[in-house]
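Take a look at the model below and turn it around a few times. We'll walk through it together, one part after another.

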Amino acid sequence: MEENVAISMPRIGDKAPAFKAVTTQGEINFPDDYMGGWVILFSHPADFTPVCTSEFMTFASMEAKFAEAGCKLVGLSVDGLYSHIAWLRTIKDKINYKGMKDVEVKFPLIEDITMEVAKKYGMIQPGESNTKAVRAVFVIDPKGIIRTIIYYPLSLGRNFDELLRVVIALKTADAFSVATPADWRPGDDVIVPTAGSCGVAKERMEGKQEGVTCHDWFFCTKKIDKATVLNTVLKTGKA
Ligand code: BEZ
């Protein structure tokens, strides 16, 4: 009998809701199978649809870059396993798009006909569709904590460079205890935490903290060069 699962909306900072599922790469136990590394769980509305096809080809073509950043990928839609397999085979055998061809999707794609997982992760958003998952993205850290959530509507394909930037920025923030400003890329200045005391803030404002530049007492930045960032957050150290 189909389980009646309530729709819930996980939040940033929550433990990733746990589930077991069948995928194109066998069964997975999420997030336990991914503990110790980063993982992106993402949903798409339906197999054999054009925006989703362009997304899967792009994501699969970038899988090595995500792997280099220590991040695995797991997809989901409310289609069944045989539909997933047929669609991924069609992509590999027939689709030549923007210079991408013969693209093999090697990361797991979850079958979720009952919508159990999609409902747990707030991927079913009735104002958009009752029967398809929206384009959700959950970036989950090595402890199984949700660190970033992004939702896109059905009609809008995602920017996968941005998702890679998110993973690298989160890892940089963790590794160096900093924040990353708007449009940050490795090599750009990072934001240092607000000074805990007036004395430190004054020192910074007077330029007495080496390498720290203050635009005002609450907004101070410092340089971390690109090589240092990449050596720390990427396995190969190269962007
Ligand atoms: C698409 O992937 O092209 C798509 C899927 C569902 C609704 C609209 C577009």
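We'll begin at the ligand and then move on to the nonpolar core.

Keep in mind that what you're looking at is a predicted model. Find the ligand first. The residues around the ligand are P45, T49, P50, V51, C52, R135 and L154. Sort that shell by character and you get five nonpolar residues, one polar and one charged. Which helix gives the most to the shell? That's α1, residues 50-61, with three residues.

Now zoom in on the oxygen atoms of the ligand. A polar side-chain atom of T49 sits 2.9 Å from a ligand oxygen. The backbone joins in as well: a polar backbone atom of P50 is 3.3 Å from an oxygen of the ligand, and for a polar backbone atom of V51 the distance to a ligand oxygen is 2.7 Å. On its own, the ligand has 260 Å² of accessible area, and the protein covers 80% of that.

Next, the core. The largest nonpolar core holds 41 residues, and the ones touching the most other members are I40, F56, F59, F66, F107, V139 and L163. Plenty of elements chip in: at least two residues come from each of β3 (38-43), α1, β4 (71-77), α3 (81-94), β6 (135-140), β7 (146-152), α5 (160-176) and α7 (226-233). Which one supplies the largest share? Helix α5 does, with eight residues.

Finally, step back to the domains. Domain 1 spans 19-158 and domain 2 spans 170-233, and this core draws at least three residues from each of them.

Terms used. Residues numbered from 1 in each chain as written. Predicted model: local features only at pLDDT ≥ 70, side-chain atom pairs only at ≥ 80, totals over all residues. Heavy atoms only, no water. Near = heavy atom within 4 Å. Polar contact = N/O pair within 3.5 Å; in protein donor to acceptor, adjacent residues only side chain to side chain. Areas by Shrake-Rupley, 256 points an atom, 1.4 Å probe, with all protein chains shown as cover. Helix = DSSP H or I, 4+ residues; strand = E, 2+ residues; numbered from the N terminus. Nonpolar A, V, L, I, M, F, W, Y, C, P; charged D, E, K, R; others polar. Core = buried A, V, L, I, M, F, W, Y, C linked by side-chain atoms within 4.5 Å. Buried < 20%, exposed > 50% of the residue type's maximum accessible area, 1.4 Å probe, protein only. Domains from an automatic or database assignment.
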